Amino acid sequence: MNTPDPIISNVIVADRQLIVCQGIGSLVGQIPDTCLGQFATDLEGLRRLLTAQEGRVIVILGVRLSDCDLATALEMLRREFPAALVVVVADDTEFAFIRAAIKAGANSVCMMGQILISLPKILGKLVEGHTIVPTEIMRRLTTETNDALSRREHEILGLLVNGLTNFQISARLGLSENTVKYYLKAIYQKLDVNSRGGAIAKYVAGNY
């Protein structure tokens with residue numbers, strides 16, 4: 001009786017820093033039943049690579065590309081490539097992005113500090129058709145206090161992290177500048193800070 005050939009998953013690594021893509025790619029190249037594809041550092045490059053793909057594809061996505069934030073990249077993937085499986089990788093100081101990725105429907109998440117152990121397991125499960133969130137991340141998510149920020153406040157903070165001004169945030173979200181200032185005031189109160197820098201530092205560390 002012949003054993004069926006394994007289904008090979010093509011893997012695309014996308015991050016604003018090429019050196020990060022190369023580092024993750026070197027690990028992916030050692031994982032069975034995966035085929036490492038090219039790297040993408042911006043949204044259009046990611047779109048182009050996905051358009052050219054055939055068969056099952058897994059995207060390993062950093063929290064920022066050179067021209068957009070994580071929310072924008074995930075929205076594009078859900079809208080244009082719904083069959084793609086997405087693993088979001090974040091540094092240990094960027095836990096807020098892990099939380100946001102899960103809320104946005106990512107298939108899995110991985111902390112950079114655990115990548116050597118976690119990524120092979122995650123890709124193995126995805127190749128088999130299973131979604132997995134590492135136990136240490138689930139434990140951290142379930143033991144944290146309830147998220148005090150609204151969806152809109154998360155959107156605004158995400159844009160702050162990417163360096164947008166109040167005017168640029170208002171244009172991106174279709175709000176007036178005064179409304180953005182109102183949201184920022186509420187955010188500062190919830191985070192117990194009094195500056196944009198303080199809010200950004202707490203947000204990327206997940207301390208809210």
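1. The note opens at the end of one helix. Helix α7 is followed by G163, a residue whose phi is positive, near 85°. A comparable feature stands just after α4, where G105 takes a positive phi of about 95°. The model under review is a predicted one.

2. Helix α7 itself spans residues 151-161 and is mostly covered, with eight of its eleven residues buried. The buried residues are E153, H154, I156, L157, G158, L159, L160 and V161. A student may wish to trace them along the helix in the structure above.

3. Which elements cover these buried residues? The cover of α7 includes two strands, β4 (64-65) and β5 (68-69). It also includes the helices α4 (95-103), α8 (166-173), α9 (177-191) and α10 (196-205).

4. Helix α4, which is part of that cover, has buried residues of its own. They are F95, A96, F97, I98, R99 and A101.

5. The next point concerns the nonpolar cores. In soluble globular proteins, nonpolar side chains tend to be buried together. In this model the largest nonpolar core has 51 residues, and those with the most contacts inside it are L46, L50 and L61. A second core, separate from the largest, has 19 residues, among them V11, I24, L126 and V127.

6. What does L50 touch, once its neighbours within four places in sequence are left aside? L50 is in contact with I12, V57, V59, L77, F81 and A84.

7. As for the overall fold, the protein has ten helices and seven strands. Its radius of gyration is 18 Å, close to the 17 Å that the globule rule gives for 208 residues, so the protein is as compact as a globular protein of that length. The C-alpha atoms fill a box of roughly 70 × 35 × 25 Å, taken along the principal axes.

8. Contacts across the sequence also deserve attention. Among contacts between residues at least 6 apart in sequence, 64% join residues at least 24 apart. Buried residues make up 45% of the 208 residues in the protein.

9. The final point concerns surface and charge. The accessible surface of the protein comes to about 11,000 Å², and 53% of this surface belongs to carbon and sulfur atoms. The protein has 21 positive and 21 negative charges, and the mean positions of the two sets are 7 Å apart.

Key: Residues are numbered from 1 along each chain as its sequence is written. This is a predicted model: local features need pLDDT of at least 70, side-chain atom pairs count only at pLDDT 80 or more; totals for chains, interfaces and linings use all residues. Side-chain values use heavy atoms; hydrogens and water are left out. A nonpolar core is a set of buried Ala, Val, Leu, Ile, Met, Phe, Trp, Tyr and Cys residues joined through side-chain atoms within 4.5 Å. Buried means under 20% relative accessible area, exposed over 50%, partly exposed in between (1.4 Å probe, protein chains only). Contact means heavy atoms within 4.5 Å. Helices (H or I, at least four residues) and strands (E, at least two) are DSSP runs, numbered from the N terminus. The radius of gyration is taken over C-alpha atoms; the globule rule is 2.2 Å times the number of residues to the power 0.38. Accessible areas come from the Shrake-Rupley method with a 1.4 Å probe; for residues, only the protein chains shown count as cover. Lys and Arg count as positive and Asp and Glu as negative; His and the chain ends are not counted. The place of a charge is taken as NZ of Lys, CZ of Arg, CG of Asp or CD of Glu.
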